[in-house]
Number of protein chains: 2
Amino acid sequence: MRADARRNYDRIVEVAREVFREQGYDASLDEVAKRAGVGPGTLYRHFPKRENLLDAIMQSWVDRVNETTDKALAFEGSDRELLLHWFEDYVGLISLHKGGPAKITSAMGDPNSPIITKCKVLSSANDRVIERLRADGALRDDVETLQVCRLVGGVATVADQGSLEPEAVRPMLAVVVDGLLK
Amino acid sequence: MRADARRNYDRIVEVAREVFREQGYDASLDEVAKRAGVGPGTLYRHFPKRENLLDAIMQSWVDRVNETTDKALAFEGSDRELLLHWFEDYVGLISLHKGGPAKITSAMGDPNSPIITKCKVLSSANDRVIERLRADGALRDDVETLQVCRLVGGVATVADQGSLEPEAVRPMLAVVVDGLLK
DNA sequence: CACAATACGGAGAGAGTCTCCGGTTAGCAA
DNA sequence: TTGCTAACCGGAGACTCTCTCCGTATTGTG
């Protein structure tokens, strides 16, 4: 990759992160290009689809997912509390910007999504927590990771679209937790 | 309302129902107008916002909600089965077209939404079921209707956006049911 | 049958997406 | 340094969708 291309690529990602945070995932890409000081052509060459841009934005986010999971697993307390905290973390992780929870959760089941590798990261993280609980014998038998991701993703999506406070989200997550544990 | 206005109004609603079913809630409104044989001006005069059109579409749907609720309450079986069946019905009721679950569920908490009266209908229906279970002493103490609507709406939203089969949705609803019952 | 009042519809402004291609620049070889 | 070429840039513009404005047409009434 040529140096000027790299420069533009990085700048676009940086600006897009900012714009998406301000205006949500539906923000105008031409505005992103404008703010990054490049033409629309440059943006669309680097990121043919909106989701390719999202994928690039989420590159650095992977580390945060893993760190968060480590901390969640190191938690000392009841299984119930552990799972509830993890779900709250999970919601936080996918709520990067307005529209994020829906986008990420629906990409979860689509092998052709440009952000599928990011979904895999998240799914694996969730799996670590689930397996830990399963090993404790705390979980119901028929629970699978994808299902859990969808359930918690659903709560996050509703919270995102209804601009709910964390205090309104917790009780919903608690219901899911209770439904999953023995 | 003048006769020609009434005619156009009805025709637009009828066509919109069809177009939304075919293409989802994001369908072009100009296309709706075109198919209804009216100009865009006419459509936007009757329905200033997309949601006003949705509200009109859902007018006849109210009866179906009430009928479905009656049937659900007449169910003879365990509380768990009753609630699971009701949730499946609920998902079906809000899955009128692609984008429906998200739209309806997020309008649930917004008093200014044009479809708020429809949300109230749904919320009341859900309340009837919840209260019946509460009277049986089957429910946890801190359960409230709005929360339940959001939880099930979240599942429906995820299912809608991921084009999930009913067989994939049922286990998720079962988790919610187990989390709500004592 | 005439005449308000009401409603129609399409041209077009504005915003967003995305492409195409003439012009520019980086990086390398001499 | 200079010159060359592959790689890259950027913006004009085609297309789509939303929504408005206003001259024209239709309805229902006195």
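Select Ser163(A) to begin: with a relative accessible area of 52%, Ser163(A) is exposed, where buried means under 20% relative accessible area, exposed over 50% and partly exposed in between, computed with a 1.4 Å probe on protein chains only. The residue sits in the loop between α9 and α10 (166-180) of chain A, and its phi is near 50°, a positive value in a residue other than glycine. Helices here are DSSP runs of H or I with at least four residues, strands are runs of E with at least two, and both are numbered from the N terminus.

This is a predicted model, in which local features need pLDDT of at least 70 and side-chain atom pairs count only at pLDDT 80 or more, while totals for chains, interfaces and linings use all residues. Residues are numbered from 1 along each chain as its sequence is written, chains are lettered from A and ligands numbered from 1 in the order in which they are written, and side-chain values use heavy atoms, with hydrogens and water left out.

Move next to Ser163(B), which counts as exposed at 54% relative accessibility. Ser163(B) is found in the loop between α9 and α10 (166-180) of chain B, and its phi, a positive value in a residue other than glycine, is near 50°.

From Ser163(B), go to Lys98(B), which touches Ser163(B) as well as Gly24(B), Tyr25(B), Asp160(B) and Gln161(B), not counting residues up to four places away in sequence; contact means heavy atoms within 4.5 Å. Lys98(B) is placed in the loop between α6 (79-94) and α7 of chain B and is partly exposed, with a relative accessible area of 43%. If you draw a C-alpha to C-alpha distance from Lys98(B) to Arg6(B), the two are 28 Å apart in space and 92 residues apart in sequence.

Now select Thr105(B), in helix α7 (residues 100-107) of chain B. Is Thr105(B) buried or exposed? Its relative accessible area is 4%, so Thr105(B) is buried. Leaving out residues up to four places away in sequence, Thr105(B) touches Val158(A), and also Ile94(B), Cys149(B), Arg150(B), Gly153(B) and Thr157(B).

In chain A, colour helix α7 (residues 100-107), which is mostly covered, with 6 of its 8 residues buried. Which residues of α7(A) are buried? They are Gly100(A), Pro101(A), Ala102(A), Ile104(A), Thr105(A) and Ala107(A). To see what covers them, show α6 (79-94), α8 (116-135) and α9 (145-161) of chain A, and add α9 (145-161) of chain B, which are included in the cover.

Turn then to helix α1 (residues 3-23) of chain A and helix α2 (residues 29-36) of chain A, whose axes come within 9 Å and cross at roughly 130°; axes are lines fitted to C-alpha atoms, for helices over the stretch in contact, and angles run from 0 to 180 degrees between N-to-C directions. That angle makes α1(A) oblique to α2(A), since angles under 35 degrees count as roughly parallel, over 145 as roughly antiparallel, 65 to 115 as roughly perpendicular and the rest as oblique. Among the residues that make the contact are Ile12(A), Val15(A) and Val19(A) of α1(A), with Leu29(A) and Val32(A) of α2(A). The contact residues divide into 8 nonpolar, 1 polar and 5 charged, where Ala, Val, Leu, Ile, Met, Phe, Trp, Tyr, Cys and Pro count as nonpolar, Asp, Glu, Lys and Arg as charged, and the others, Gly among them, as polar.

Keep α1(A) selected and add helix α4 (residues 50-57) of chain A: the two axes come within 9 Å and cross at roughly 95°, which makes α1(A) roughly perpendicular to α4(A). Tyr9(A), Ile12(A), Val13(A), Ala16(A), Arg17(A) and Phe20(A) of α1(A) meet Arg50(A), Leu53(A), Ala56(A) and Ile57(A) of α4(A). By class, this contact has 8 nonpolar, no polar and 2 charged residues.

Finally, show both chains whole. Chain A comes to 10 helices and 0 strands, and buried residues make up 50% of its 182 residues. Chain A can be laid on chain B with an RMSD of 0.0 Å by a turn of 180° and a shift of 0.0 Å along the axis, the superposition being by least squares on the C-alpha atoms of residues with pLDDT of at least 70 in both. The two copies are thus related as by a two-fold rotation axis, and the same surface serves both, as 100% of the contact residues of chain A recur in chain B.
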